[in-house]
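Trainee: Let us go through this model together. Where should we start?

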Amino acid sequence: MSAGRGHTVHGYTAFAVERGQDDRVQNVQGADVIIVGGGIAGAGAAYEIAAFASVVLLERETRCGYHSTGRSAACFTENYGNAVVRRLAIASRAFLDSPPPGFCEHALLTPQPVITIGRSDQLPLLQQQLDEARALVPSITRIEAAEALSRVPILRADYVAGAFIEPHSMEIDVHGLHQGYLRGARVRGARVVVGAGVTAIEHRSERWQVTTPAGIFAAPMIVNAAGAWADVVACMAGMRPLGLMPKRRTAFTVPVPAGLNSRNWPMVDDVAEEFYFKPDAGRLFVSPADATPSAPLDAYPDDLDVAAGVERLERATHLNVTRVSHSWAGLRTFARDSSPVVGLDGAVRGFCWLAGQGGYGIKTSPALSRACAALVRGEPLQEEFARLGLSADELSPDRLRARRMSVV
């Protein structure tokens, strides 16, 4: 049901068509829900929430997805992140495997297994991670080092002492997913406004008023999907920040040696999370898996991080890197417990968090978007979450404030 006169969202009556004199004087544009941030989180939330409410999505840049969303490793794995993240990925797979009709023009997922490798001194850690992985994803199995070398012939035999494989991991078409959310949100009536960086947020008369260079917007509900800027947006709204920490992750591409066809290589992940690489359009996509705390900004690669990635790649493979084709960096934003933050803030009515996805926001976006929409609507999480052992309390922003108070 689309929003209209008298429609309610979490107990609020939509005022998009019930504007007061003050709104007309200030030319305030109304909706049921304002979403701040047009990356994968905000786009997914807009898609789900627009099914039952009027939505305005505000993006500070001139295009959505400029920051972290556009700089993703594009890997769907159910074996990366903490237990909450892994369960969210499992809950997201059905949507990514079979999107709704009209959502996208082609498949969002293509097969790309992930092989996790370890040196001889890392074999205990490799076994520990294998046991933990199989608890949620039984298809993950140990393979011989020789098989890993056969699948990825640049690996060094004196480096790889053991390995396991996640055979059903996938590569995600991040652009297709992100655009599918935005397109679907618009079809459902959402308005997407770019060049709308937030300059002020006020809460008055049961509504949030958000000032941007693109205009003033107001709604009884605001969803903070601002990524690395989520705590900044919260402070602008007069809320206490959650202590979210943006961390820089570097990536670069290098040429594949002549005569090698890397198209069908799996992704290779180091068991100690010191590096990973995968084939990427005739090159290798490589990351040193760095996690350097950063202020929220337009991230750029540090030469030392690129050099560290090259050194780790050369140590594990036969490659001699003479040229880095391209390098970049993005910010992955974490809560203290590394679980996403989704839910209404207990401090004030109508403020919903959708942040702290870490480096897992793409693969978990279907589940997190559905969770956010349910909580905005004032409903419990869908049954699918309970079946996976996930509760709203594990995602709630209030969990972080409770823990901080208990420490004090």
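Mentor: Start with a definition: two strands pair if DSSP finds at least two bridges between them. Keep in mind that this is a predicted model.

Trainee: Which residue of β24 is the bridge partner of Asn224?

Mentor: Strand β16 covers residues 221-224, and β24 covers residues 351-355. The two pair in the parallel sense over three bridges. For Asn224, the bridge partner in β24 is Trp353.

Trainee: Which strands stand at the edges of the open sheet, each with a single partner strand?

Mentor: Six strands make up this open sheet, with mixed pairing. Their order is β12-β5-β4-β16-β24-β23. An edge strand has a single partner, so one side of it is left without a neighbour in the sheet. That holds for β12 (191-193) and β23 (341-344).

Trainee: At about what angle does α9 run to β23?

Mentor: Helix α9 spans residues 365-376. It lies across β4, β16, β23 and β24. Its angle to β23 is about 15°.

Trainee: What do the buried residues of α6 pack against?

Mentor: Helix α6 covers residues 174-187. Its buried residues include Leu177, Tyr181 and Leu182. Buried here means under 20% relative accessible area. The buried residues pack against α2, α3, β11, β12 and α9.

Trainee: Which backbone nitrogen does a side-chain oxygen of Asp173 reach at the start of α6?

Mentor: Look at the start of α6, where Asp173 offers a side-chain oxygen. That oxygen comes to within 3.4 Å of the backbone nitrogen of His175.

Trainee: What phi does Gly189 take, just after α6?

Mentor: Gly189 follows just after the helix. Its phi is positive, at about 105°.

How values were computed
Residues are numbered from 1 along each chain as its sequence is written. This is a predicted model: local features need pLDDT of at least 70, side-chain atom pairs count only at pLDDT 80 or more; totals for chains, interfaces and linings use all residues. Side-chain values use heavy atoms; hydrogens and water are left out. Helices (H or I, at least four residues) and strands (E, at least two) are DSSP runs, numbered from the N terminus. Contact means heavy atoms within 4.5 Å. Axes are lines fitted to C-alpha atoms, for helices over the stretch in contact, and angles run from 0 to 180 degrees between N-to-C directions. The expected span of a helix is 1.5 Å times one less than its number of residues. Buried means under 20% relative accessible area, exposed over 50%, partly exposed in between (1.4 Å probe, protein chains only). A polar contact is a pair of N or O atoms within 3.5 Å; within protein, one must be able to donate a hydrogen and the other to accept it, and residues adjacent in sequence count only if both atoms are side-chain atoms.
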